[in-house]
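Please examine the sequence and the model shown below. The report that follows describes a strand, the sheet around it and several charged contacts.

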Amino acid sequence: MGEIVLIRHGQANSHARSEADYDRLSDLGHDQAAWLGQWLRDHEPPFDAVLSGTLRRHRETAAAMEVEAAADSRLNEMDYFNLGQALQEVHGVPMPAADGFPAHVPQVMRAWHAAEIQGEESFSAFEDRITAILTEAAEPGRRVLCVTSGGVIGMALRHVLGLDPDRLAHVLLPILNTSIHRFHIRPAGMILAQFNAVPHLDAPDRAATRTHY
(Lines give C-alpha, C1' and ligand atoms only; values in the text may rest on other atoms or scores of the structure.)
Protein backbone atom coordinates (compact mmCIF):
# COMPACT_ATOMS: atom_id res chain seq x y z
CA MET A 1 0.00 0.00 0.00
CA GLY A 2 1.25 3.48 -0.86
CA GLU A 3 0.56 6.68 1.01
CA ILE A 4 0.35 10.42 0.30
CA VAL A 5 0.55 12.74 3.31
CA LEU A 6 -0.45 16.37 2.73
CA ILE A 7 0.67 19.02 5.22
CA ARG A 8 -0.79 22.51 5.36
CA HIS A 9 1.76 25.28 5.92
CA GLY A 10 2.19 26.98 9.29
CA GLN A 11 0.30 30.12 10.23
CA ALA A 12 1.03 32.89 7.72
CA ASN A 13 0.45 36.64 7.95
CA SER A 14 -3.23 36.55 8.89
CA HIS A 15 -3.55 40.36 8.78
CA ALA A 16 -2.64 40.56 5.09
CA ARG A 17 -4.90 42.06 2.43
CA SER A 18 -2.98 40.68 -0.55
CA GLU A 19 -1.48 37.36 -1.55
CA ALA A 20 2.07 38.76 -1.54
CA ASP A 21 1.70 40.14 1.98
CA TYR A 22 0.12 36.92 3.27
CA ASP A 23 2.93 34.72 1.98
CA ARG A 24 5.24 34.48 5.01
CA LEU A 25 5.07 32.53 8.24
CA SER A 26 4.36 34.20 11.55
CA ASP A 27 6.54 33.39 14.54
CA LEU A 28 3.85 30.93 15.62
CA GLY A 29 3.84 29.42 12.14
CA HIS A 30 7.56 28.65 12.44
CA ASP A 31 6.96 27.03 15.85
CA GLN A 32 4.04 24.94 14.55
CA ALA A 33 6.17 23.63 11.70
CA ALA A 34 9.12 22.84 13.97
CA TRP A 35 6.87 20.90 16.36
CA LEU A 36 5.38 18.99 13.42
CA GLY A 37 8.81 18.10 12.07
CA GLN A 38 9.84 16.71 15.45
CA TRP A 39 6.61 14.71 15.71
CA LEU A 40 7.15 13.18 12.28
CA ARG A 41 10.72 12.21 13.12
CA ASP A 42 9.53 10.58 16.35
CA HIS A 43 6.50 8.74 14.93
CA GLU A 44 6.78 8.21 11.16
CA PRO A 45 9.11 6.06 9.08
CA PRO A 46 11.11 7.90 6.40
CA PHE A 47 9.30 9.09 3.30
CA ASP A 48 10.37 8.02 -0.17
CA ALA A 49 9.86 11.55 -1.49
CA VAL A 50 9.19 14.97 0.01
CA LEU A 51 7.64 17.72 -2.13
CA SER A 52 6.77 21.33 -1.43
CA GLY A 53 4.96 24.12 -3.18
CA THR A 54 7.15 27.01 -4.25
CA LEU A 55 5.44 29.72 -2.20
CA ARG A 56 7.45 31.31 0.60
CA ARG A 57 5.16 29.92 3.31
CA HIS A 58 5.64 26.41 1.92
CA ARG A 59 9.42 26.72 1.81
CA GLU A 60 9.56 28.22 5.30
CA THR A 61 7.36 25.42 6.65
CA ALA A 62 9.57 22.72 5.13
CA ALA A 63 12.69 24.44 6.48
CA ALA A 64 11.25 24.67 10.00
CA MET A 65 10.23 21.00 9.78
CA GLU A 66 13.86 20.23 8.85
CA VAL A 67 12.93 18.33 5.71
CA GLU A 68 14.55 18.68 2.31
CA ALA A 69 11.75 19.07 -0.19
CA ALA A 70 11.77 19.13 -3.97
CA ALA A 71 9.88 22.18 -5.26
CA ASP A 72 6.72 21.62 -7.33
CA SER A 73 4.55 24.62 -8.19
CA ARG A 74 1.52 22.37 -8.71
CA LEU A 75 1.24 22.32 -4.91
CA ASN A 76 0.75 26.10 -4.81
CA GLU A 77 -2.45 27.59 -3.44
CA MET A 78 -5.34 29.14 -5.35
CA ASP A 79 -5.09 32.95 -5.44
CA TYR A 80 -7.95 33.57 -3.01
CA PHE A 81 -7.40 37.32 -2.70
CA ASN A 82 -7.82 37.76 -6.46
CA LEU A 83 -10.85 35.48 -6.47
CA GLY A 84 -12.36 37.52 -3.65
CA GLN A 85 -11.75 40.72 -5.60
CA ALA A 86 -13.39 39.17 -8.66
CA LEU A 87 -16.41 38.14 -6.60
CA GLN A 88 -16.78 41.72 -5.42
CA GLU A 89 -16.53 43.08 -8.97
CA VAL A 90 -18.99 40.59 -10.45
CA HIS A 91 -21.48 40.06 -7.61
CA GLY A 92 -20.81 42.97 -5.25
CA VAL A 93 -19.74 40.71 -2.38
CA PRO A 94 -16.90 42.37 -0.44
CA MET A 95 -13.96 40.58 1.16
CA PRO A 96 -15.03 39.81 4.73
CA ALA A 97 -13.41 40.23 8.09
CA ALA A 98 -12.01 37.04 9.61
CA ASP A 99 -15.36 35.94 11.05
CA GLY A 100 -17.06 36.30 7.65
CA PHE A 101 -15.20 33.57 5.77
CA PRO A 102 -17.67 30.75 6.59
CA ALA A 103 -20.20 32.57 4.37
CA HIS A 104 -17.67 33.94 1.87
CA VAL A 105 -15.79 30.76 0.92
CA PRO A 106 -18.87 28.88 -0.41
CA GLN A 107 -19.80 31.90 -2.55
CA VAL A 108 -16.29 32.03 -4.01
CA MET A 109 -16.22 28.29 -4.72
CA ARG A 110 -19.64 28.32 -6.42
CA ALA A 111 -18.84 31.34 -8.60
CA TRP A 112 -15.36 30.07 -9.49
CA HIS A 113 -16.65 26.58 -10.35
CA ALA A 114 -19.37 28.14 -12.55
CA ALA A 115 -16.69 30.25 -14.34
CA GLU A 116 -18.42 33.46 -13.23
CA ILE A 117 -15.13 34.64 -11.71
CA GLN A 118 -11.49 33.81 -12.30
CA GLY A 119 -8.20 34.76 -10.68
CA GLU A 120 -4.88 33.73 -12.18
CA GLU A 121 -6.36 30.40 -13.26
CA SER A 122 -9.73 28.78 -13.78
CA PHE A 123 -11.28 26.32 -11.35
CA SER A 124 -10.73 23.52 -13.85
CA ALA A 125 -7.06 24.44 -14.32
CA PHE A 126 -6.51 24.41 -10.56
CA GLU A 127 -8.29 21.08 -10.26
CA ASP A 128 -6.32 19.58 -13.15
CA ARG A 129 -2.90 20.43 -11.68
CA ILE A 130 -3.83 19.03 -8.25
CA THR A 131 -5.20 15.86 -9.82
CA ALA A 132 -2.05 15.49 -11.92
CA ILE A 133 0.37 15.63 -9.00
CA LEU A 134 -1.78 13.28 -6.92
CA THR A 135 -1.89 10.79 -9.77
CA GLU A 136 1.91 10.93 -10.14
CA ALA A 137 2.48 10.51 -6.41
CA ALA A 138 0.03 7.62 -6.04
CA GLU A 139 2.34 4.63 -6.44
CA PRO A 140 1.82 1.36 -4.55
CA GLY A 141 4.43 0.90 -1.84
CA ARG A 142 5.67 4.51 -2.01
CA ARG A 143 5.20 7.14 0.72
CA VAL A 144 5.16 10.79 -0.35
CA LEU A 145 5.02 13.86 1.92
CA CYS A 146 3.73 17.13 0.42
CA VAL A 147 3.94 20.57 2.07
CA THR A 148 1.15 22.66 0.58
CA SER A 149 -1.92 24.81 1.32
CA GLY A 150 -5.51 24.37 2.41
CA GLY A 151 -7.03 24.84 -1.03
CA VAL A 152 -4.83 22.10 -2.47
CA ILE A 153 -5.84 19.78 0.36
CA GLY A 154 -9.50 20.62 -0.26
CA MET A 155 -9.14 19.86 -3.96
CA ALA A 156 -7.48 16.54 -3.12
CA LEU A 157 -10.51 15.74 -0.97
CA ARG A 158 -12.81 16.73 -3.84
CA HIS A 159 -10.86 14.36 -6.11
CA VAL A 160 -11.12 11.42 -3.71
CA LEU A 161 -14.60 12.02 -2.26
CA GLY A 162 -16.39 13.61 -5.22
CA LEU A 163 -17.26 16.84 -3.39
CA ASP A 164 -19.42 19.51 -5.01
CA PRO A 165 -18.35 23.19 -4.63
CA ASP A 166 -20.37 23.73 -1.45
CA ARG A 167 -18.98 20.63 0.24
CA LEU A 168 -15.51 21.60 -0.97
CA ALA A 169 -15.95 24.91 0.86
CA HIS A 170 -17.12 23.08 3.96
CA VAL A 171 -13.96 20.96 4.17
CA LEU A 172 -11.72 23.97 3.47
CA LEU A 173 -12.95 26.00 6.43
CA PRO A 174 -11.78 23.79 9.34
CA ILE A 175 -8.31 22.95 7.95
CA LEU A 176 -5.73 23.86 10.60
CA ASN A 177 -2.24 25.20 10.07
CA THR A 178 0.34 22.36 9.93
CA SER A 179 -2.45 19.77 9.90
CA ILE A 180 -1.87 16.25 8.53
CA HIS A 181 -4.09 14.73 5.81
CA ARG A 182 -3.41 11.14 4.81
CA PHE A 183 -4.46 9.18 1.72
CA HIS A 184 -3.83 5.47 1.24
CA ILE A 185 -3.10 4.12 -2.23
CA ARG A 186 -4.92 0.88 -2.95
CA PRO A 187 -5.61 -1.04 -6.18
CA ALA A 188 -9.11 0.43 -6.31
CA GLY A 189 -7.76 3.98 -5.95
CA MET A 190 -7.02 6.56 -3.27
CA ILE A 191 -8.93 6.53 0.00
CA LEU A 192 -8.97 9.14 2.76
CA ALA A 193 -7.29 7.75 5.88
CA GLN A 194 -6.85 10.88 8.03
CA PHE A 195 -8.15 14.45 7.99
CA ASN A 196 -6.97 17.57 9.83
CA ALA A 197 -4.84 15.83 12.46
CA VAL A 198 -2.54 17.95 14.65
CA PRO A 199 -0.95 15.46 17.08
CA HIS A 200 1.97 17.85 17.62
CA LEU A 201 -0.51 20.41 19.00
CA ASP A 202 -2.59 18.01 21.12
CA ALA A 203 -0.93 18.79 24.45
CA PRO A 204 -3.09 21.03 26.66
CA ASP A 205 -0.40 23.71 26.80
CA ARG A 206 -0.50 23.99 23.00
CA ALA A 207 -4.28 24.36 22.66
CA ALA A 208 -3.93 28.08 21.93
CA THR A 209 -1.47 27.36 19.10
CA ARG A 210 -4.10 25.65 16.91
CA THR A 211 -4.94 28.15 14.19
CA HIS A 212 -6.97 28.24 10.98
CA TYR A 213 -5.31 31.34 9.49
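Which residues point one way from β1, which point the other way, and are they buried or exposed? In this predicted model, G2, I4, L6 and R8 point one way from β1, while E3, V5 and I7 point the other way. Residues on both sides are buried, as all of those named are. The count for the strand agrees: 7 of the 7 residues of β1 are buried, so β1 is largely enclosed by the rest of the structure.

**The sheet around β1**

The strand β1 belongs to an open sheet of 6 strands with mixed pairing. The order of the strands in this sheet is β3-β2-β4-β1-β5-β6. At the edges stand β3 (70–71) and β6 (189–197), each of which pairs on one side only.

In that order, β1 stands between β4 and β5. The strands β1 and β4 run parallel and are joined by 6 bridges. Within this pairing, V5 has L145 of β4 as its bridge partner, and I7 stands opposite V147 in β4. With strand β5 (residues 180–186), β1 pairs in the antiparallel sense, over 6 bridges. Here G2 stands opposite I185 in β5. The two pairings of β1 therefore run in opposite senses, being parallel with β4 and antiparallel with β5.

**Salt bridges**

How many salt bridges does the structure hold? The structure holds 14 salt bridges. Three of them are listed here, with the separation of the N and O atoms.

| Acidic residue | Basic residue | N to O separation |
|---|---|---|
| E3 | R143 | 2.9 Å |
| D72 | R74 | 2.8 Å |
| E139 | R142 | 4.0 Å |

The side chains of E3 and R143 meet in a salt bridge. E3 lies in strand β1 and R143 in strand β4 (residues 143–148), so the pair ties together parts that are 140 residues apart in sequence. Both partners count as buried because their relative accessible areas, 9% for E3 and 13% for R143, are under 20%.

The salt bridge of D72 is formed with R74. D72 is also buried, with a relative accessible area of 15%.

The third pair in the table joins E139 to R142. E139 counts as partly exposed at 38% relative accessibility, and R142 is likewise partly exposed, with a relative accessible area of 25%. Elsewhere, salt bridges that share partners join E3, E44, R143 and R182 into one network.

**A residue in a loop**

Is H15 buried or exposed? H15 is exposed, with a relative accessible area of 71%; the cut-off for this class is over 50%. This residue lies in the loop between β1 (2–8) and α1 (19–22). H15 and A98 are 83 residues apart in sequence, and their C-alpha atoms are 9.1 Å apart in space.

**Summary**

The buried strand β1 pairs with β4 and with β5 in the open sheet. A salt bridge from E3 to R143 also links β1 to β4, whereas H15, in the loop that follows β1, is exposed.

Notes. Residues numbered from 1 in each chain as written. Predicted model: local features only at pLDDT ≥ 70, side-chain atom pairs only at ≥ 80, totals over all residues. Heavy atoms only, no water. Helix = DSSP H or I, 4+ residues; strand = E, 2+ residues; numbered from the N terminus. Buried < 20%, exposed > 50% of the residue type's maximum accessible area, 1.4 Å probe, protein only. Pairing = 2+ DSSP bridges.
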